[in-house]
Amino acid sequence: MSCLSPLRYHFLTWLRLANLQPSISFESDQLLLRDGLVSGEFSWITCSGAWLQGLQKRMGSKLGTCIVAIFSNRTSTGPFECENMGIWFSIQLDSA
């Protein structure tokens, strides 16, 4: 392991392994990512909380969201540490 915290290391490992899955793709263009969710090209995306209002306006009841926050445990030698890795998932809900 490197100088990364264990939580960040595991998250980056998950991303590396996810990249090998044919049903998971990574998009660097944020506009294409949001448009892909709205059009149904993507079933879900990770996104910034700042995107939620615009996605809600465009998708209405078809938008589902959840937040995943990653916290580290309190150590006996230090205070409770919170990893700054809150991740929003926006989900295209099936209207059927």
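So, one bit of vocabulary before the topology: when I say helix or strand, I mean a DSSP run, numbered from the N terminus, with at least four residues for a helix and at least two for a strand. With that in hand, reading from the N terminus, the elements of this protein chain go α-α-β-α-β-β. That gives three helices and three strands.

Now, keep in mind that this is a predicted model. How confident is the predictor in the chain? The mean pLDDT is 75, and 68% of the residues get to 70 or more. Element by element, helix α3, residues 52-59, has the highest mean, at 91, while strand β3, residues 87-92, has the lowest, at 64. Then there's the stretch from 79 to 85, where pLDDT stays under 50. The model does give those residues 19 contacts beyond four places in sequence. As a rule, though, coordinates with low pLDDT shouldn't be read in detail.

A few whole-chain numbers, then. We have 96 residues, and 22% of them are buried. The accessible surface is about 7,100 Å², with 55% of that belonging to carbon and sulfur atoms. And if you take the contacts with a separation of 6 or more, 49% of them are between residues 24 or more positions apart.

Okay, let's go to α3. Which residues are buried there? L52, L55 and M59. They span an arc of only 65° around the axis, so they sit on the same side of α3. Turn to the face pointing away from that buried side and you find Q53 and K57, both exposed. Just after the helix comes G60, with a positive phi of about 60°.

Helix α2 can be told in much the same order. Its buried residues are L33, G36 and L37. Looking down the axis, they fall within an arc of 95°, so they line one face of α2. At the N-terminal end, D29 does the capping, with a side-chain oxygen 2.9 Å from the backbone nitrogen of L31. Just after α2 we get another glycine, G40, with a positive phi of about 95°.

What about charge pairs? In general, oppositely charged side chains can pair when their charged atoms come close. Searching the whole structure turns up one salt bridge. The partners are R58 and D35, and their closest N and O atoms are 2.8 Å apart. R58 belongs to α3 and D35 to α2, residues 30-39, so this pair ties together parts that are 23 residues apart in sequence. Is the pair buried or exposed? Somewhere in between: R58 is partly exposed at 46% relative accessible area, and D35 is also partly exposed, at 29%. For anyone wondering about the cut-offs, buried means under 20% and exposed means over 50%, which is why both residues land in the middle class.

One more residue before I stop, and that's S25. Where does S25 sit? In the loop between α1, which is 6-18, and α2. S25 has a relative accessible area of 53%, so S25 counts as exposed. Along the chain, S25 and I45 are 20 residues apart, and their C-alpha atoms are separated by 9.7 Å.

So, to wrap up: α2 and α3 each have their buried residues on one side, the R58–D35 salt bridge ties parts of those two helices together, and for residues 79-85, remember that pLDDT stays under 50.

Notes:
Residues are numbered from 1 along each chain as its sequence is written. This is a predicted model: local features need pLDDT of at least 70, side-chain atom pairs count only at pLDDT 80 or more; totals for chains, interfaces and linings use all residues. Side-chain values use heavy atoms; hydrogens and water are left out. pLDDT is the predictor's confidence in each residue, from 0 to 100. Contact means heavy atoms within 4.5 Å. Buried means under 20% relative accessible area, exposed over 50%, partly exposed in between (1.4 Å probe, protein chains only). The arc is that of the directions from the helix axis to the C-beta atoms. Accessible areas come from the Shrake-Rupley method with a 1.4 Å probe; for residues, only the protein chains shown count as cover. A salt bridge is a side-chain nitrogen of Lys or Arg within 4 Å of a carboxyl oxygen of Asp or Glu. A polar contact is a pair of N or O atoms within 3.5 Å; within protein, one must be able to donate a hydrogen and the other to accept it, and residues adjacent in sequence count only if both atoms are side-chain atoms.
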